[in-house]
Amino acid sequence: AGPQAYAAVDLGAASGRVMVGRVGPDLLELSEVHRFPNRPVRLPEGLRWDVLALYGGVLDGLRAAGPVDSVGVDGWAVDYGLLDADGALLGNPVHYRDSRTEGVAEKVWAAVPAEELYAATGIQYAPFNTLYQLAAARSTVRLAQAERLLLIPDLLAYWLTGEHGTELTNASTTQLIDPRTRTWSYDIAERLGVDLALFAPLRRPGDPAGLLRAEVLQETGLTGPVPVTAVGSHDTASAVAAVPATGARFAYICTGTWSLAGLELTAPVLTEESRAANFTNELGLDGTVRYLRNIMGLWLLQECQRAWGEPDLGLLLREVAAACALRSVVDAGDTAFLAPGRMPERIAEACRMSGQPVPVTRAEVTRCVLDSLALAHRRAVADTRRLADHPVDVVYLVGGGTRDALLCQLTADACGLPVVAGATEAAALGHVLVQARARGRAGDLPAMRALLARTQPLTRYAPRGDGARRRAAEARLARP
Ligand code: LFR
């Protein structure tokens, strides 16, 4: 039999895409059949996802995909839709960058101290963790009416199949999962008044997740039955599965709207030191833990581009090469950059506050962002090695940011380690491999990675420089 075809729906914060993947003993091919914008909408009540438009894009994509052997859905984490008793969606899902969670974590910590919450769930503090979103929604009519909560990829899978499930890798980002038992943290939920009955039963990557509904077959022109397969439905879980590492002494950085930098471990790190460093223990494939830190990522640049009227990125990056290196830097891990809007001004303000030259031109601002990201990458890799006591000889960079050769090189320079960059569509690659494996067409995680290493174009960046400029920049950033 020839290779099977798998449709991978991959939903990002800025766009969604449907890819078709083919997997064989020496084959791993991906083609994008449809890409559609994901435009958050600012309503009087706040920032919302246009999730029906996303579902429309998914159907268009499946129509363009043609005959496939299985379908999967992955997307960003933490956000969800609520369903009423009839299974109807209650309002537009709230965007994780919405301001409703401001000041909410402190109220949650009054009931369960942050230290205890971390020891029980291993999840970093981020204002948008599902747990805090639910606390923010506590006395709303919608939550009172809700019978079911589905995380975004599970919501799309429900519309495709009519079946409810909660995929585990993404469930871990709710901050309601115990990373040691890999099931619900019943104690935390009870103490914080979260009704776990809202969540559908857990399913694991590779589990069957239903069949495309008859109406979906009709709308997409596909011939049934077409199974839907649970994948690492958190996009970062799928991306980490696609890190083309051949050994164990590696760190990874998934670059896109976010930079997610860390290690793959077999057990969570739940120490107080790890909490203070704001590292998270999200669940990965096959019993692994994604021990990582969230860094603002290319969001900083995307928001600047939006402010500048969307200039061509290639052009911008060419201008940047000429800008002075490490002249001013900001803390790219700072949640102060989370909300949308006025990004060039906010970056300038942060530079001014730390007594550095204020970047003015587009090239200067872009250079500041790239330098700042490289420094944040370095700090995350260094912290992760120390906190998990894990050796690192090489850093794998995967995801959209690998298109930016300067970012890759600056990351290598900052880390003082070789960087191997590739698997630009990492989430979709990890995603189709899990679908293939569920159908007996791919091996375990090391075998998947060996296949990636054999088939994906990778670029190696050797570290340059002695780190003197970097240390000076870091010292400026540390100054109050
Ligand atoms: C990346 C990502 C991150 C998560 C953030 C918000 O797309 O899924 O892992 O922290 O989006 O959901």
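In the predicted model, strand β15 (residues 250–255) is largely enclosed by the rest of the structure, because six of its six residues are buried. The burial extends to both faces of the strand: F250, Y252 and C254 are buried on one side, and A251, I253 and T255 are buried on the other. A residue is counted here as buried if 20 or more other C-beta atoms lie within 10 Å of its own.

Strand β15 is paired with two further strands. Its pairing with strand β19 (residues 394–398) is parallel and comprises five bridges; within this pairing, C254 has V398 of β19 as its bridge partner. Strand β16 (residues 259–265), by contrast, runs antiparallel to β15, and four bridges connect the two. Here I253 of β15 is matched with A261 of β16. Three residues separate β15 from β16, and the two strands form a hairpin.

V398, the bridge partner of C254, also appears in the description of the nonpolar interior. The largest nonpolar core contains 147 residues, and V398 is listed with A7, L300, V419 and L429 as those having the most contacts inside it. The greatest contribution to this core is made by helix α15 (residues 362–388), which supplies twelve residues. For L300, the contacts with residues beyond four places away in sequence are those with A332, F337, M343 and V369. In soluble globular proteins, nonpolar side chains tend to be buried together.

The ligand is surrounded by a shell consisting of W76, A77, V78, Y96, H234, D235, T236, T257, W258, L260 and N294. By residue class, this shell divides into six nonpolar, four polar and one charged. Among the shell residues is L260, a position that falls within strand β16 (residues 259–265).

At the level of the whole protein chain, the secondary structure amounts to 19 helices and 21 strands. Of the 480 residues, 52% are classified as buried. When contacts with a sequence separation of 6 or more are considered, 76% of them join residues 24 or more positions apart. The C-alpha atoms occupy a box of roughly 60 × 55 × 45 Å along the principal axes. The radius of gyration of the protein chain is 21 Å, which agrees with the value near 23 Å for a compact globule with 480 residues.

Key:
Residues are numbered from 1 along each chain as its sequence is written. This is a predicted model: local features need pLDDT of at least 70, side-chain atom pairs count only at pLDDT 80 or more; totals for chains, interfaces and linings use all residues. A residue is near a molecule or strand if its C-beta atom, placed from the backbone, lies within 6 Å of it. Ala, Val, Leu, Ile, Met, Phe, Trp, Tyr, Cys and Pro count as nonpolar, Asp, Glu, Lys and Arg as charged, and the others, Gly among them, as polar. A nonpolar core is a set of buried Ala, Val, Leu, Ile, Met, Phe, Trp, Tyr and Cys residues joined through C-beta atoms within 7 Å. A residue is buried if 20 or more other C-beta atoms lie within 10 Å of its own, exposed if 12 or fewer, and partly exposed in between; C-beta atoms are placed from the backbone. Two residues are in contact if their C-beta atoms, placed from the backbone, lie within 7 Å. The radius of gyration is taken over C-alpha atoms; the globule rule is 2.2 Å times the number of residues to the power 0.38. Two strands pair if DSSP finds at least two bridges between them.
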